[in-house]
Amino acid sequence: MGAFDGTNGPTLKIQFYFNGTYTYVPTTDLRAVDLNRGRTRQDQRMEPGQMIITFDNRSGDYDPDNLSGPWVSGGVTALRADLRARLVATWSATSYVLYVGYLETTKLDAGFDATATMTFVDGISVLGRYTAPGFKTASYSGETTSTRVGRMLTYAGWGTGSSWRSLTGSVTLAGTVQGGPIMDIINQCEDAEAGCFYMSRSGVATLVNLQNKFLRPTQLSFNDSRAADTVEYNNIDENPGIYSFTNAALVNYAPGGTKGKQQLWKNQPQVTKYGLKIRQFDTYILRDAVAKKLAQYYATFTKAPKTLVQSIDFTALALGSLYPDFLETELQDLCIVKRTTVDGRNLTFNLVIEGFRYKITPDTWDVTYYTGPISATKVILP
């Protein structure tokens with residue numbers, strides 16, 4: 001793709017999982033890629049990732065009705081729902097998987113300049129199709145959040161092993177009767193950890209718990225002064241205050257397997273200063289002490305509201321030695337933004353990457369990182 005020749009930028013290629021192996025799509029057929037992962041705000045759930053690819057289809061190779069094309073095996077086209085695809089970037093002979101998704105829709109433009117636009121969604125969307133079986137009485141009391149999420153993945157037929165799942169939750173849960181959407185139960189588990197659940201860039205179902213939320217040290221630093229070893233940003237969106245500000249938390253939990261108990265924690269100095277900003281969390285935590293500590297954490301997470309950066313816009317061209325850090329960047333990684341105000345003040349923002357968007361054409365790679373504040377408090381759950 002134009003600028004992405006391995007010299008001015010990494011090579012970018014699409015792979016289809018075809019006949020039991022990942023197979024490269026001809027680079028000359030690739031017109032554009034639009035990729036979204038994560039969330040735009042820290043107080044939201046991780047959304048299903050989406051990759052929209054536009055192919056040159058003057059050959060007809062990307063028409064699902066073309067049974068003479070290269071993506072046909074045994075008279076059956078592979079260009080149908082749930083075709084697995086990967087976006088792979090290669091820099092200095094090292095390859096990085098940037099996205100794994102499953103085909104949702106194909107739109108054909110059969111005009112003179114024929115194109116095929118394919119939309120791929122990640123595993124969160126796939127899991128959203130399934131419902132956990134219901135029990136007559138509460139079962140699985142005493143299992144950890146990672147074990148429960150693992151059961152949900154198994155119900156959905158999700159693969160096992162490190163290439164399919166990475167689950168680190170350790171909070172003990174009460175029994176459950178289930179009988180609801182798998183993603184609802186997974187969301188209860190991530191709330192019980194004050195963590196998050198997402199699909200990694202390589203397609204691994206990931207539950208990150210409170211203690212291990214930041215998986216890697218600071219990787220990228222953004223600066224408006226073109227300082228060495230930093231990325232120059234095009235625009236940042238600042239907000240004088242924290243959009244997810246909460247100073248009281250109500251945790252619903254289920255000691256003894258009976259759901260209905262609650263733990264409320266108020267950050268009293270902040271309540272006096274800002275008024276009551278309460279948020280409710282629905283969990284199946286088994287132990288009172290854990291629910292109490294979790295409520296304390298949620299209520300004090302933003303105990304020191306200050307100006308933050310909500311998004312960072314930059315170009316991913318000509319990053320040179322910073323490409324490995326950029327291509328390895330994952331949701332929940334840390335980053336730093338530094339800027340100089342018009343009146344000469346130097347500001348530094350320490351942030352968590354909550355989501356991002358890539359808009360890629362043969363000549364451009366525009367990036368937006370959506371960011372949130374680092375927790376103002378730390379709680380070790382008992």
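**Strand 13 and its surroundings**

Cys-196 and Tyr-198 point one way from strand 13, while Phe-197 and Met-199 point the other way. All of these residues are buried. Such a pattern is expected in general, because side chains in a regular strand alternate between the two faces of the sheet. The model described here is predicted.

Strand 13 belongs to an open sheet of three strands. The order is 11-14-13, and the pairing is mixed. Strand 11 (165-167) and strand 13 (196-199) stand at the edges. Each has a single partner strand, so one side of each is left without a neighbour in the sheet. Neighbouring strands of this sheet are turned by 15° against each other on average, with direction ignored.

What holds strands of a sheet together? In general, they pair through backbone hydrogen bonds, either parallel or antiparallel. Both senses occur in this sheet, as its pairing is mixed. Strand 11 and strand 14 (residues 205-208) run parallel and are joined by three bridges. Strand 13 and strand 14 pair in the antiparallel sense, over four bridges. Leu-207 in strand 14 has a residue opposite it in each of these pairings. Leu-167 stands opposite Leu-207, and Phe-197 also stands opposite Leu-207.

Strand 13 and strand 14 form a hairpin with five residues between the strands. In this hairpin, Gly-203 takes a positive phi near 90°. A helix also meets the sheet. Helix 2 (residues 145-155) lies across strand 11, strand 13 and strand 14. Helix 2 runs at about 155° to strand 11.

Two further positions show which parts of the chain come together. Gln-178 is located in strand 12 (residues 176-178). Is Gln-178 buried or exposed? Its relative accessibility is 12%, so Gln-178 counts as buried, the cut-off for this class being under 20%. Leaving aside neighbours within four places in sequence, Gln-178 is in contact with Ala-132, Pro-133, Gly-134 and Phe-135. Its other contacts are Arg-151, Met-152, Tyr-155 and Ile-185. Tyr-130 lies 48 residues from Gln-178 along the chain, and the C-alpha atoms of the two are separated by 12 Å.

Thr-246 lies in the loop between strand 17 (235-240) and strand 18 (248-253). Thr-246 counts as buried because its relative accessibility is 9%. Which residues does Thr-246 contact, leaving aside neighbours within four places in sequence? They are Lys-277, Ile-278, Arg-279, Tyr-298, Ala-299 and Thr-302.

One of these contacts, Ile-278, is found in strand 20 (residues 278-282). At 49% relative accessibility, Ile-278 counts as partly exposed. Together with Leu-264 and Leu-276, Ile-278 forms a nonpolar patch on the surface. The accessible area of the three residues together is about 280 Å².

Charged side chains were examined next. The count comes to 16 salt bridges. One of them joins Glu-143 and Arg-151, with the closest N and O atoms 2.8 Å apart. Arg-151 is also among the contacts of Gln-178. Both partners of this salt bridge count as buried: the relative accessibility is 9% for Glu-143 and 12% for Arg-151.

Another salt bridge joins Glu-238 and Arg-339, and here the closest N and O atoms are 2.9 Å apart. Glu-238 lies in strand 17 and Arg-339 in strand 22 (residues 334-340), so the pair ties together parts that are 101 residues apart in sequence. Glu-238 counts as partly exposed at 26% relative accessibility. Arg-339 counts as partly exposed at 21%.

Salt bridges that share partners join Arg-31, Asp-56, Arg-58 and Asp-113 into one network. Within the network, Arg-58 forms a salt bridge with Asp-56. The closest N and O atoms of this pair are 2.6 Å apart. Are Arg-58 and Asp-56 buried or exposed? Arg-58 is exposed, with a relative accessible area of 59%. Asp-56 is buried, with a relative accessible area of 9%.

How values were computed:
Residues are numbered from 1 along each chain as its sequence is written. This is a predicted model: local features need pLDDT of at least 70, side-chain atom pairs count only at pLDDT 80 or more; totals for chains, interfaces and linings use all residues. Side-chain values use heavy atoms; hydrogens and water are left out. Patches are made of residues with over 30% relative accessible area and no salt bridge: like charges are joined within 9 Å, nonpolar side chains (Val, Leu, Ile, Met, Phe, Trp, Tyr) within 5 Å. Accessible areas come from the Shrake-Rupley method with a 1.4 Å probe; for residues, only the protein chains shown count as cover. A salt bridge is a side-chain nitrogen of Lys or Arg within 4 Å of a carboxyl oxygen of Asp or Glu. Helices (H or I, at least four residues) and strands (E, at least two) are DSSP runs, numbered from the N terminus. Buried means under 20% relative accessible area, exposed over 50%, partly exposed in between (1.4 Å probe, protein chains only). Two strands pair if DSSP finds at least two bridges between them. Axes are lines fitted to C-alpha atoms, for helices over the stretch in contact, and angles run from 0 to 180 degrees between N-to-C directions. Contact means heavy atoms within 4.5 Å.
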